[in-house]
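Colleague: Please take a close look at the side-chain contacts in this model. Which contacts tie separate parts of the chain together, and how do the surrounding elements lie?

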Amino acid sequence: MITVHHLGVSQSERVVWLCEELGIPYTLQRYDRDPTTRLAPAAYKALHPMGIAPVISDGDVVLAESGAILEYLMARYGSGGFSVGSDQTNFPDYLFWFHFANGTLMPSEMGSMIANFLGLKEGNPVIAMLKARSDRAFLLVEKRLECAAYFAGNDFTAADIMMLFPLTTMRAFVQKDLSAFPNIKAYLKRIGARPAYQRAMQKGDPGMSPKLD
Ligand SMILES: N[C@@H](CCC(=O)N[C@@H](CS)C(=O)NCC(=O)O)C(=O)O
């Protein structure tokens with residue numbers, strides 16, 4: 001049996017969500033963040049040398065890193081469901097958005113979060129650089145969702161599961177006004193209507209309303 005170690009309000013929501021979408025049986029182990037530091041508690045840090053979420057265990061396998069876990073679960077337990085094969089025309093789109101989420105968008109939003117923690121003020125060149133990068137990324141997302149219902153094209157895939165966290169829960173840490181992004185807002189509505197997403201968020205973070213607007 002797979003155990004999904006879910007740290008509250010974190011990127012491990014993706015793993016709970018994928019298991020719900022694919023109907024993979026799993027045990028959910030929840031951990032609250034340390035109330036003072038907001039970091040993972042010691043019990044979570046003990047799971048993997050990196051000490052960050054997500055982590056799953058599956059027999060002797062202990063695996064971290066969102067993208068690696070999603071690929072592992074889809075390949076080993078999901079018959080490839082929600083991935084796109086290299087023979088499909090939308091394979092490059094799938095790859096791009098699957099990796100853009102944590103390769104570019106998350107680092108950009110994390111940079112803004114750290115700048116906020118450090119109290120850097122508007123006008124600081126670092127803030128200007130981070131803002132320009134974040135704006136470019138959100139514009140790219142907005143444009144993509146103008147011509148496609150989902151990131152990889154017409155169908156929901158794991159690229160959506162990767163992309164959702166920076167568009168939703170990450171905004172609990174870095175505010176982002178979405179009023180200039182109608183396509184993103186419509187997309188979030190679409191995702192919010194998925195029963196598997198609703199179940200995952202209810203199980204993983206029962207005290208939090210998903211940030212869908
Ligand atoms: N690229 C990593 C990022 C993991 C990460 O930064 N996780 C955050 C939660 S969103 C974390 O565990 N923070 C708590 C801590 O650093 O103690 C992944 O997606 O697996």
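Modeller: In this predicted model, arginine 144 and aspartate 93 meet through their side chains in a salt bridge, 3.6 Å from N to O. The contact joins distant parts of the chain: arginine 144 belongs to helix 5 (residues 125–147) and aspartate 93 to helix 4 (residues 91–117), 51 residues apart. The two partners are not equally accessible. Arginine 144 has a relative accessible area of 14%, so the residue counts as buried, under the cut-off of 20%. Aspartate 93 has a relative accessibility of 30% and therefore counts as partly exposed. In another place, salt bridges with shared partners join Glu20, Arg199 and Lys203 into one network. Side chains of opposite charge can pair when their charged atoms come close. Eight salt bridges are counted in the model.

One of the bridges in that network is between lysine 203 and glutamate 20, where the closest N and O atoms are 2.5 Å apart. This pair also links distant parts of the chain, with lysine 203 in helix 8 (residues 195–204), glutamate 20 in helix 1 (residues 13–22), and the two positions 183 residues apart. Lysine 203 is partly exposed at 40% relative accessible area, whereas glutamate 20 is buried at 9%.

A further bridge joins arginine 30 to aspartate 205, with 3.7 Å between the closest N and O atoms. Arginine 30 sits in strand 2 (residues 26–31) and aspartate 205 in the segment after helix 8, so the link is between distant parts of the chain, 175 residues apart. Arginine 30 counts as partly exposed at 32% relative accessibility, and aspartate 205 counts as buried at 4%.

The aromatic contacts come next. There are 14 aromatic pairs in the structure. One of them is the tilted pair of tryptophan 17 and phenylalanine 156, with 5.6 Å from centre to centre and 50° between the planes. Tryptophan 17 lies in helix 1 and phenylalanine 156 in the loop between helix 5 and helix 6 (158–167), which puts the partners 139 residues apart in distant parts of the chain. Tryptophan 17 is buried, with a relative accessible area of 2%, and phenylalanine 156 is buried as well, at 8%.

Tryptophan 97 and phenylalanine 100 form an edge-to-face pair, because their planes stand at 75° with the ring centres 5.3 Å apart; the edge-to-face class takes angles over 60 degrees. Tryptophan 97 and phenylalanine 100 are three residues apart in helix 4, so about one helical turn separates them. An α-helix has 3.6 residues a turn, so residues three or four places apart point the same way. Tryptophan 97 and phenylalanine 100 are both buried.

These two pairs belong to a wider group. Ring pairs link Trp17, Phe82, Phe96, Trp97, Phe100, Tyr150, Phe151, Phe156, Tyr187 and Tyr197 into a cluster. Two arginines lie over rings of this cluster. The charged end of arginine 194 is over the ring of phenylalanine 156, at 3.7 Å from its centre. Arginine 190 lies over the face of tyrosine 150, at 5.8 Å from the ring centre.

Phenylalanine 100 also marks a feature of the backbone. Helix 4 has a kink of about 55° centred on phenylalanine 100. From first C-alpha to last, the 27 residues of helix 4 reach 38 Å, close to the expected 39 Å. Glycine 119, just after helix 4, takes a positive phi of about 75°.

The strands remain. Strand 3 (residues 55–58) is covered on both faces, with Val55 and Ser57 buried on one side and Ile56 and Asp58 buried on the other. In a regular strand the side chains alternate between the two faces of the sheet. Strand 3 pairs with strand 1 (residues 2–7) in the antiparallel sense over four bridges, and serine 57 in strand 3 is the bridge partner of threonine 3. Strand 3 also pairs with strand 4 (residues 61–64), again antiparallel and over four bridges. Here isoleucine 56 is opposite leucine 63 of strand 4. Two residues lie between strand 3 and strand 4 in their hairpin, where glycine 59 has a positive phi near 60°.

Conventions:
Residues numbered from 1 in each chain as written. Predicted model: local features only at pLDDT ≥ 70, side-chain atom pairs only at ≥ 80, totals over all residues. Heavy atoms only, no water. Salt bridge = Lys/Arg side-chain N within 4 Å of Asp/Glu carboxyl O. Buried < 20%, exposed > 50% of the residue type's maximum accessible area, 1.4 Å probe, protein only. Phe/Tyr/Trp six-rings, centres within 6.5 Å; stacked < 30°, edge-to-face > 60°. Lys NZ or Arg CZ within 6 Å of the ring centre and 35° of its normal. Expected span 1.5 Å × (residues − 1). Bend = angle between axes of the 7 residues up to and from the residue. Pairing = 2+ DSSP bridges.
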